[in-house]
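Work through the exercises below with the sequence and the model side by side. Each task is followed by a solution in steps.

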Amino acid sequence: MAFTKHEASVAALGSPHSEERLRAIRFIKNSIIGNKTKKELYSRLGISERLVGLLQDPQCDVEMRIEVVVVVGSFAYGSNQNVALLVQAGAMPQLLTTICSGDMRLIEAGARALRSVLQSPAAPRTEIFQGTYIQHVTQLLSPGAPNAQVKSLARVRIAEVAAGILALVACDHQEQMYIAQSGAIPKFVDLLDPQWSSYPKVQEAALEALGHLCRDNSAVAALVVATKAQDNHDHSVALILRLVRDRRPTIRLSGAKCLTNLYRTRSLPPEFQHEAVLTLIPVLIKLFSDVVPIATTADASVAMLQEQAPKVLADLVEPSEELQKSAMEADAINKLAKLITSMSAEPEDESKPRMPTKLGKRSLASQKSRVLDMSCGHADRVKESALRAIAAICSFQEDCRKQVIEAKLLPFIVAAMDHPNKHMRAVACECTRSLSRSVKHLRTSLVDAGIPVPLIKLLSDESDEVKVTACAALCNIVMDFSPMKKTVLEKGGLERLIEMANSMDDKLRLNAVWALKNLLYHADSGVKAKVMAQLGWTGLLRLLDDEDAGIQEQALNLLRNLACGKEEDIDMVVEGFGEQQLLDNLERKLLTPSQNHDVVLQALYVIVNVATGRDQHKTAIMDRLPIVQSILNYMSHSKPQVRAATAWCVINLTWTDDAGCQERLVRLRNMGFESKLQQLLEDENTDVKEHARTALQHFGHGESGSSGDASGGGIVPMEISGSAAGSASGSNSETQGTSTSVGGRLRRAITRDRDRDRDRERGGDSGGGGGGVTFGILHASRRTRD
C-alpha cells in the first residue's frame with residue numbers, strides 16, 4: 001500500500017534514527033505553519049500522540065525537542081479541536097517541563113507553544129498552578145539590561161511570551177492572587193519603565209497582564225498601585241498613564257485597559273484619579289474612531305482597536321453617571337453610531353458604472369475593505385463591542401438615551417436581537433434595558449421600533465445568557481406606564497416568564513420574578529388572577545422560600561403588588577394561600593435570625609397591604625403575637641426604611657374608621673407601641689418621624705384622621721415596581737427607600753442600589769380600602785446579576 005508523503009512523515013517520527021526523525025518533523029513543520037488544511041490532515045493521521053510521545057522520550061535531544069514544540073504550537077494555534085487532542089494526549093505537562101529547562105531556545109519555543117494552547121478554552125488552567133511552574137514563568141519576566149546584546153533580545157521575547165501566559169491564566173480571584181504572590185507585579189512594573197520603550201511588545205504584554213491581574217480584584221490592584229519601578233522609582237500609575245499617551249495605538253489600548261481596571265476597583269491614589277479620567281475617555285474614543293478600514297484580514301492590530309476599545313470604554317463608564325455624561329459630551333455616542341453604521345452598511349453594487357476618477361477608485365477600495373471586514377467576522381465583533389458601550393453610556397442619563405435615539409440606532413439594536421451570535425443578541429437586550437429606563441422612550445421610540453415581540457422571542461433563546469438579559473430588559477418593558485405591557489401579555493410573554501420562574505438557574509428565576517412583580521404593578525384584578533392561575537400559589541410559596549435572598553425579596557414584592565388595590569385582591573391572596581399559611585410565611589421571614597433586611601422590609605410591606613383589607617384581615621394579623629411583637633422590635637432596626645415600614649403597619653392596623661379599631665389600639669398600647677412611636681418622633685429620618693406622628697394621631701396624640709382627611713391620611717396600600725439596572729457584572733439587589741403619601745400627598749420615592757443613588761418618580765393611584773386616598777410606591781432597584 002502506497003503512503004502519501006504526509007503519511008510517510010508521520011511514520012518517520014517513529015524511526016530509530018534521529019536524523020530521519022528530525023527531517024520528518026521539519027517537513028511537518030513547514031507543511032502546517034499557516035496551513036489550516038494540512039493541520040486537519042495531520043490531525044486525522046494522529047499527529048498529537050506522536051508529538052507528545054517524542055517529548056516524553058528521554059532520548060529526544062534538544063534540537064528535536066525544539067522542532068517538536070514548534071509544531072505543537074503551530075498545531076494548537078487557532079483550533080480548539082486540535083488543542084483538545086493535544087491536551088488529551090498529555091501535552092500540557094510536557095510543555096510545562098520545557099519552560100523549566102536550561103536551554104533558552106527550548107524555553108522560548110515551549111513558552112510560545114504553551115501560550116498558543118492556553119489561548120483555547122479547551123485548555124485546562126489548573127496544571128500550571130501545580131508545583132513551581134508559575135514561579136518559573138515569573139522568573140522569565142526579568143530579561144536583564146535593555147542595552148545588552150543578542151542574548152538579551154531572546155530574553156526580551158521570552159519575557160513578552162511569559163507575560164502573555166500569566167495574563168491568560170489570571171482568570172479568577174484565586175489565580176490572580178497566586179500569580180501576585182509569586183512576585184510577578186514588581187517585574188511587570190519594571191517592564192513599564194521608559195528604558196524598555198524600544199521594546200513595545202514586551203511593554204504591551206506587561207500592561208495586558210497587569211490589567212488581567214487587577215480586574216475586579218481590589219487586593220491585587222492595591223499591590224499594583226503600591227509598586228514602584230526598581231531603577232527610577234517611578235510610581236506604577238504614573239508609568240501606566242505615560243503609556244496610555246504613547247504614540248503607538250496598541251500600547252495606548254493596553255494601558256487604557258489596565259488603568260480602567262484599576263479605576264473600577266477604586267484603588268487609584270487620589271492624586272491620579274482626576275488625571276486618569278481626563279485621559280482615558282478621549283484616548284478610548286480616538287482609538288475606535290480614528291482607524292482606517294481594514295484592507296486585509298492580516299491587519300490584526302487595527303481590528304483589535306475597533307473591537308476592544310469600545311468594550312474598555314463600557315467598562316470605564318458603566319458604574320459612573322458622571323463618566324457617562326462625560327463620554328456623551330465627548331461625542332462618544334455619535335462616533336459609536338458611525339462605527340456601527342460603517343460595519344452594517346450593505347456593499348454597493350459594483351456592476352454599476354463609476355466615474356474613473358481618483359475619488360472613485362478610493363471609494364471602491366474603501367468598499368472592498370468593508371466587504372473584507374464583514375467576511376472575517378470582524379464587523380460583528382465591532383458591532384457587539386460598540387453596542388455594549390452604547391448600553392453602558394445610556395444606562396443612567398436621559399440625555400444620553402435621547403442621543404442614542406437621535407443617532408437612529410434602534411433599528412440596529414432590533415436587528416441584533418435576531419443575530420446568530422448569542423453575544424450579539426445579549427448585548428442588544430442590554431441596550432434595550434438601558435433605553436427602557438426612560439418613560440418617554442418607552443411610550444414613543446421603543447413602541448415604534450417594535451421592541452417587545454423580538455424581546456419576548458428571546459425568552460425562549462437557547463442561550464441562558466440571552467434569556468437572562470432579555471428578561472432583565474422585560475422588567476422595564478412591563479412597567480405600568482408602558483403601552484407595551486399589553487403586548488407582552490398578548491404575545492406569550494407571561495407564559496415564558498412563568499416557565500423561567502420555575503427554572504433551576506438562579507439568575508433566570510430572579511429576573512423572571514422581578515418581571516412578574518412589575519407586570520402586577522397597577523394591574524387590575526383580571527391580570528392578577530391570570531398571573532396566579534399560571535404561577536400557582538404553590539409556585540409563589542416556593543419562590544418565597546427560595547434559598548436566594550434576592551428571589552425571596554422579589555417574591556415578597558410580587559405578593560405585595562397582588563395585595564394592593566381592592567379588598568377583593570386581598571381576599572384573593574388570603575384565600576389563595578390560606579390565611580394560616582400566608583401568616584406562617586410572613587412570621588418566618590420576620591423571625592429568622594440575621595434575616596436579610598430587604599426581605600424583612602418587603603415582609604413588613606406585605607403586612608401593610610393586607611392591613612388595608614377587611615376587619616377580619618387586621619384581626620388575623622393582630623392574633624399573630626409573634627408578628628406583632630416583631631413589628632415592635634423592628635422599630636429599633638438600623639435601617640430607616642424598616643423603621644418607617646413598621647410605622648405604616650401601625651397606621652393601617654389602627655385606622656380609626658374601622659370596627660375593632662379601639663380594641664387593636666388598646667392591645668398595641670399595652671405592648672408598648674405608643675411609647676416606641678413617641679421615641680421615633682426624635683428619629684433622624686424625616687419619613688420615620690412623619691409616619692410615627694401619623695400613627696400617634698390614632699392613639700389620640702393630636703388630631704385624629706378619618707378616611708380621605710387631608711390632615712391625617714388614609715389606609716395606605718403600598719405597591720412596588722422596579723427597573724432592572726446595570727450590566728453584566730453583577731451584584732445583589734438592595735431595596736432602599738419608601739415613598740409615602742399622607743392625605744393625598746405623593747412624594748417621590750428614592751431608590752438606591754449598592755453602588756449609587758438613583759431616583760425615578762411615579763404617579764400615585766387611587767388606593768383601595770382607604771376611601772380613595774392616593775398611595776406611594778416603593779421602587780426596588782438593582783443591578784441585574786449577569
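## Exercise 1: helix α32

The buried residues of α32 are Leu508, Arg509, Leu510, Asn511, Ala512, Val513, Trp514, Ala515, Leu516, Lys517, Asn518 and Leu519. This is a predicted model, in which local features need pLDDT of at least 70, side-chain atom pairs count only at pLDDT 80 or more, and totals for chains, interfaces and linings use all residues. Residues are numbered from 1 along each chain as its sequence is written, and side-chain values use heavy atoms, with hydrogens and water left out.

Task: describe the extent, the cover and the N-terminal cap of α32.

Solution.

1. Extent. Helix α32 spans residues 506-519 and has 14 residues. Helices are DSSP runs of H or I with at least four residues, strands are runs of E with at least two, and both are numbered from the N terminus.
2. Span. From the first C-alpha to the last, α32 reaches 20 Å, close to the 20 Å expected at 1.5 Å a residue. The expected span is 1.5 Å times one less than the number of residues.
3. Cover. Twelve of the 14 residues are buried, and α32 is mostly covered. Buried means under 20% relative accessible area, exposed over 50%, and partly exposed in between, with a 1.4 Å probe and protein chains only.
4. Cap. Asp505 caps the N-terminal end: one of its side-chain oxygens lies 2.9 Å from the backbone nitrogen of Lys507.

## Exercise 2: two residues with positive phi

Task: locate Asp331 and His522, and decide whether each is buried or partly exposed.

Solution.

1. Background. Most residues other than glycine have a negative phi, and most peptide bonds are trans.
2. Asp331. Its phi is near 70°, a positive value in a residue other than glycine. Asp331 lies in the loop between α19 (321-329) and α20 (332-344). With a relative accessible area of 30%, Asp331 is partly exposed.
3. His522. Phi is positive here too, at about 60°, although His522 is not a glycine. The loop between α32 and α33 (525-535) holds His522. Its relative accessible area is 19%, so His522 is buried.

## Exercise 3: which side of α1 is covered?

Task: find the buried residues of α1 and the helices they pack against.

Solution.

1. In helix α1 (residues 5-12), the buried residues are His6, Ser9, Val10 and Ala12.
2. These residues cover an arc of only 160° around the axis, so they are on the same side of α1. The arc is that of the directions from the helix axis to the C-beta atoms.
3. The buried residues of α1 pack against α2 (18-32), α3 (36-44) and α4 (47-56).

## Exercise 4: three residues in helices

Task: place Ser254, Ala206 and Glu108, and list what each touches.

Solution. Contact means heavy atoms within 4.5 Å. Neighbours within four places in sequence are left aside for Ser254, Ala206 and Glu108.

1. Ser254. This residue is in helix α16 (residues 249-264) and is buried at a relative accessible area of 1%. Ser254 is in contact with Glu204, Leu207 and Glu208. The side chains of Ser254 and Glu208 are joined by a polar contact of 2.9 Å. A polar contact is a pair of N or O atoms within 3.5 Å; within protein, one must be able to donate a hydrogen and the other to accept it, and residues adjacent in sequence count only if both atoms are side-chain atoms.
2. Ala206. Helix α13 (residues 200-214) contains Ala206, which is buried at 0%. Its contacts are Ala163, Phe188, Leu191 and Leu192. The C-alpha atoms of Ala206 and Leu141 are 9.0 Å apart, with the two positions 65 residues apart along the chain.
3. Glu108. Helix α8 (residues 104-118) contains Glu108, and at 14% relative accessibility Glu108 counts as buried. Glu108 is in contact with Ala154, Arg157 and Ile158.

## Exercise 5: cysteines

Task: count the disulfides, taken as pairs of cysteine sulfur atoms within 2.5 Å.

Solution.

1. The count is zero.
2. Cys258 is in no disulfide, and the nearest cysteine sulfur, that of Cys214, is 4.9 Å away. Cys258 is buried, with a relative accessible area of 0%.
3. Cys400 is in no disulfide either; the nearest cysteine sulfur belongs to Cys394, 7.2 Å away. Cys400 counts as buried at 0% relative accessibility.
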